[in-house]
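Me: I am new to this structure and should like to understand how its parts pack together. May we go through it by question and answer?

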Amino acid sequence: MRRIIRRIIATAGIVIVLIVAGVAAVIYTGTYDVAADRPSWGPVAWAVNQARMRSVRAQAADISVPDGLDDQAKIAEGAGHFAQHCAGCHGAPGMKRSDIVAGLTPRSPSLTMIAKSYTPAELFWITKHGIKLSGMPAWIDHSDGDVWVVVAFLQKLPGMKPQEFAGLIAAGRAKREQQQQEAEPATGSAQQPVSPTPQPRTAGKRRH
């Protein structure tokens, strides 16, 4: 029995060594094609996809989702961010994706289809930190509040009609314009009178 166990262990060890040696040979010789205009090898694509899904799930597990993501103002604000920064790669209702997407491997997914596959916490983590080995950048120049309003929009994106999306964009633009007007100092207000500059007194001549 012990002899059989030793043989199994030895065989498994040999197999592992051969696999590692094969992978090392592929990397060292440059055999693996990293060109973006050719699809990834099936096992590599599967391994990267599995690593991505499980990593996102683990990293987002401790993220607390704030209340109010169903607020219409936040959804409209998120739609504006999405139209400006995301729609070119991911598409949007009534908006065509950029031609550059055809040259990406892996291609950026259409979020109108897969956004509902992720939890709000996972959408936040992906948007904030990006994804390695893809065209998804990290939002290092945006606040957490900006990211959460995008998440609020993404939750409503699946099934959204073009006219609904256009309405959200218009609502968000109107709110930004109102905020800008409120932030500007009021013009035409009464100005404070300017006090005249006092003139120096001239000393008179004494009479003798």
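Me: Which residues of α8 are met by α3 in this model?

Reply: The model is a predicted one. On the α3 side, the contact is made by Gln 72, Ala 73, Ile 75, Ala 76, Ala 79, Gly 80 and Ala 83. Their partners in α8 are Phe 165, Leu 168, Ile 169, Ala 171, Gly 172 and Lys 175.

Me: How many residues of the contact of α3 with α8 are nonpolar, how many polar and how many charged?

Reply: The contact joins residues of α3, such as Ala 79, to residues of α8, such as Phe 165. Sorted by class, it holds one charged residue, three polar ones and nine nonpolar ones.

Me: What is the orientation of α3 and α8 relative to each other: parallel, antiparallel, oblique or perpendicular?

Reply: The axes of α3 (residues 72–85) and α8 (residues 162–183) come within 8 Å and cross at roughly 100°. Angles of 65 to 115 degrees count as roughly perpendicular. The two helices, α3 and α8, are therefore roughly perpendicular.

Me: At what angle do the axes of α3 and α7 cross?

Reply: Residues of α3, including Ile 75, Ala 79 and Phe 82, meet residues of α7, including Val 149, Phe 153 and Leu 154. By class, this contact has four charged, two polar and eight nonpolar residues. The helices α3 and α7 are roughly perpendicular. Their axes come within 7 Å, and the crossing angle is roughly 100°.

Me: Which helix supplies the largest share of the largest nonpolar core?

Reply: The largest nonpolar core has 24 residues, and Phe 82, Phe 153, Leu 154, Phe 165 and Leu 168 have the most contacts inside it. At least two of its residues come from each of α3, α6 (120–129), α7 (144–156) and α8. The largest share is seven residues, and the helix that supplies it is α7.

Me: Which residues does Phe 165 touch, leaving aside those up to four places away in sequence?

Reply: Phe 165 is among the residues with the most contacts inside the largest nonpolar core. Beyond four places in sequence, Phe 165 touches Ala 79, Ala 83, Ala 92, Pro 93, Met 95, Phe 153 and Met 160.

Me: How far apart in space are Gly 103 and Asp 37?

Reply: Gly 103 lies in the loop between α4 (87–90) and α5 (111–114). Its relative accessible area is 44%, and Gly 103 is partly exposed. In sequence, Gly 103 and Asp 37 are 66 residues apart. In space, the distance from C-alpha to C-alpha is 6.0 Å.

Key
Residues are numbered from 1 along each chain as its sequence is written. This is a predicted model: local features need pLDDT of at least 70, side-chain atom pairs count only at pLDDT 80 or more; totals for chains, interfaces and linings use all residues. Side-chain values use heavy atoms; hydrogens and water are left out. Axes are lines fitted to C-alpha atoms, for helices over the stretch in contact, and angles run from 0 to 180 degrees between N-to-C directions. Helices (H or I, at least four residues) and strands (E, at least two) are DSSP runs, numbered from the N terminus. Angles under 35 degrees count as roughly parallel, over 145 as roughly antiparallel, 65 to 115 as roughly perpendicular and the rest as oblique. Contact means heavy atoms within 4.5 Å. Ala, Val, Leu, Ile, Met, Phe, Trp, Tyr, Cys and Pro count as nonpolar, Asp, Glu, Lys and Arg as charged, and the others, Gly among them, as polar. Buried means under 20% relative accessible area, exposed over 50%, partly exposed in between (1.4 Å probe, protein chains only). A nonpolar core is a set of buried Ala, Val, Leu, Ile, Met, Phe, Trp, Tyr and Cys residues joined through side-chain atoms within 4.5 Å.
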